[in-house]
Amino acid sequence: MLRYTIRRFFELLLTLFLIATATFFLLEAVPGDPLTERADHLPEASRAALYERYGLDKPIMERYVLTMKKMCMGDFGESFVYAGQTVTGLLKTRLPVSARLGIQQMLLGVTVGLLLGIAAAMKRGTWVDYAVVTLSVLFISIPHLIFGLLLQKLFAGTLRWLPTIGWPSGADLWFGGWKYTILPTLTGCFSYIATYARLLKTSMLDVVNQEYVLTAESKGLSQGQIIRRHILRNAFIPVMTQLPMSVAMCITGSFFIESIYAIPGIGQYYVTAVNNQDLSIVLGETVLISILYILVLFVTDILYVVVDPRIQLPGKKHR
């Protein structure tokens, strides 16, 4: 297990290095540079000083080496557009906003999805099963952008029950301003519902005909006991390995949802940075989000081996 963990960790570092390198050179290939608009009307000396401050006067390979060194020391760059704004400072102010939105979406979506998955598996072949499958396909097919606009038009425009845009701040950042969070939470939870309903249903159907389930039925256990003790316990293994990825998604936020509802999270700022060609912020956020996802994949791989004893590690002999 230790050998496998160490190998996976070094693979993680290599993947992160490749992502950072590819992102850097792809952004460098974008025509123009982020300082052109600011420097156009400056005197030549001031223009040169501005480019020197951000290191854009150096050759591309030298900038690459300096950028990688700074990242290794925890410096992920400063905004070209907003002087003094850094990626780390951006995360401190905007990550809690994205985290609350994502956590609410995940809690609601996963809970509803699991309940629907159980219902579909236990009522397979009935209208309940068909309804859950239809809803899952619908929810996973329609983009968040469409759901967001439809909910805005209905509940904020036609019925005027909820605000169109905005997000709680200050003392209400975590546990207040609920009216502002309802529509964004609903918009983002549909994909979780579809994913977990289909995942749990499929997993339960794989388990329900196993020999130990048939043995439990022959012993006279009630359906509720069989579901709780035997079916769900084993059917939850794929769900447990999917949950870490959902946690990563909920922390990083939803770019489109934050843009639709004018939510000041890292997703909205990322879109703004791309539009403004704020390349240092785009690079820094991309690398940090990649770190989070890769760490989650690492934990998921280890968790999968721990929770499912049927998985054999590479190089481990079968007994």
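A salt bridge is counted when a side-chain nitrogen of Lys or Arg lies within 4 Å of a carboxyl oxygen of Asp or Glu. The exercises below apply to a predicted model.

**Exercise 1. Salt bridge inside a helix**

Find the residue that pairs with Arg-7 in a salt bridge, and state how the two are placed along helix H1.

Solution.
1. The side chain of Arg-7 meets that of Glu-11, with an N to O distance of 2.7 Å. This value satisfies the cut-off of 4 Å, so the contact is a salt bridge.
2. Both residues belong to helix H1 and are four residues apart, so about one helical turn separates them.
3. Arg-7 has a relative accessible area of 38% and is partly exposed. Glu-11, at 30%, is also partly exposed.

**Exercise 2. Salt bridges between helices**

The structure holds three salt bridges. Identify the partners of Glu-28 and Asp-129, and classify the residues by burial.

Solution.
1. Side chains of opposite charge can pair when their charged atoms come close.
2. Glu-28 pairs with Arg-63, and their closest N and O atoms are 2.4 Å apart. The link joins distant parts of the chain, since Arg-63 lies in helix H4 and Glu-28 in helix H1, 35 residues apart.
3. Buried means under 20% relative accessible area. Arg-63, at 13%, is therefore buried, whereas Glu-28, at 27%, is partly exposed.
4. Asp-129 pairs with Lys-201 at 2.7 Å, N to O. Here too the pair links distant parts of the chain: Lys-201 is in helix H8 (residues 178-208) and Asp-129 in helix H6 (residues 127-141), 72 residues apart.
5. Lys-201 has 15% relative accessibility and counts as buried. Asp-129 is buried as well, with a relative accessible area of 7%.

**Exercise 3. A nonpolar surface patch**

Locate the nonpolar surface patch that includes Phe-10, and decide whether Phe-10 is buried or exposed.

Solution.
1. The patch is made by Leu-2, Ile-6, Phe-9, Phe-10 and Leu-13, and covers about 510 Å².
2. Phe-10 sits in helix H1.
3. The relative accessible area of Phe-10 is 53%. Exposed means over 50%, so Phe-10 is exposed.

**Exercise 4. The largest pocket**

Describe the lining of the largest pocket by position, helix and residue class.

Solution.
1. The largest pocket holds about 640 Å³ of space.
2. Its lining consists of 26 residues, and those closest to the centre are Tyr-54, Thr-67, Lys-70, Phe-80 and Ser-280.
3. Two or more lining residues come from each of helix H1 (2-28), helix H4 (60-72) and helix H13 (279-307). H4 gives the largest share, five residues.
4. Sorted by class, the lining of the largest pocket has twelve nonpolar, eight charged and six polar residues.

**Exercise 5. The cavity**

How many cavities of 30 Å³ or more does the structure hold, and which residues line the largest cavity?

Solution.
1. The structure has one cavity of 30 Å³ or more.
2. The volume of the largest cavity is about 40 Å³.
3. One stretch of its lining is made up of Pro-163, Thr-164, Ile-165 and Gly-166. The others that line the largest cavity are Lys-179, Tyr-180, Leu-183, Pro-184 and Tyr-261.
4. By class, the lining of the largest cavity divides into six nonpolar residues, two polar and one charged.

Definitions and conventions:
Residues are numbered from 1 along each chain as its sequence is written. This is a predicted model: local features need pLDDT of at least 70, side-chain atom pairs count only at pLDDT 80 or more; totals for chains, interfaces and linings use all residues. Side-chain values use heavy atoms; hydrogens and water are left out. On a 1 Å grid over the protein atoms alone, a cavity is a set of points where a 1.4 Å probe fits but cannot get out, and a pocket is an open set with protein on both sides within 12 Å along at least five of seven lines; lining residues have an atom within 4 Å of a point. Grid points are joined across faces, edges and corners, and a volume is the space filled by probe spheres set on the points. Ala, Val, Leu, Ile, Met, Phe, Trp, Tyr, Cys and Pro count as nonpolar, Asp, Glu, Lys and Arg as charged, and the others, Gly among them, as polar. Patches are made of residues with over 30% relative accessible area and no salt bridge: like charges are joined within 9 Å, nonpolar side chains (Val, Leu, Ile, Met, Phe, Trp, Tyr) within 5 Å. Accessible areas come from the Shrake-Rupley method with a 1.4 Å probe; for residues, only the protein chains shown count as cover. Buried means under 20% relative accessible area, exposed over 50%, partly exposed in between (1.4 Å probe, protein chains only).
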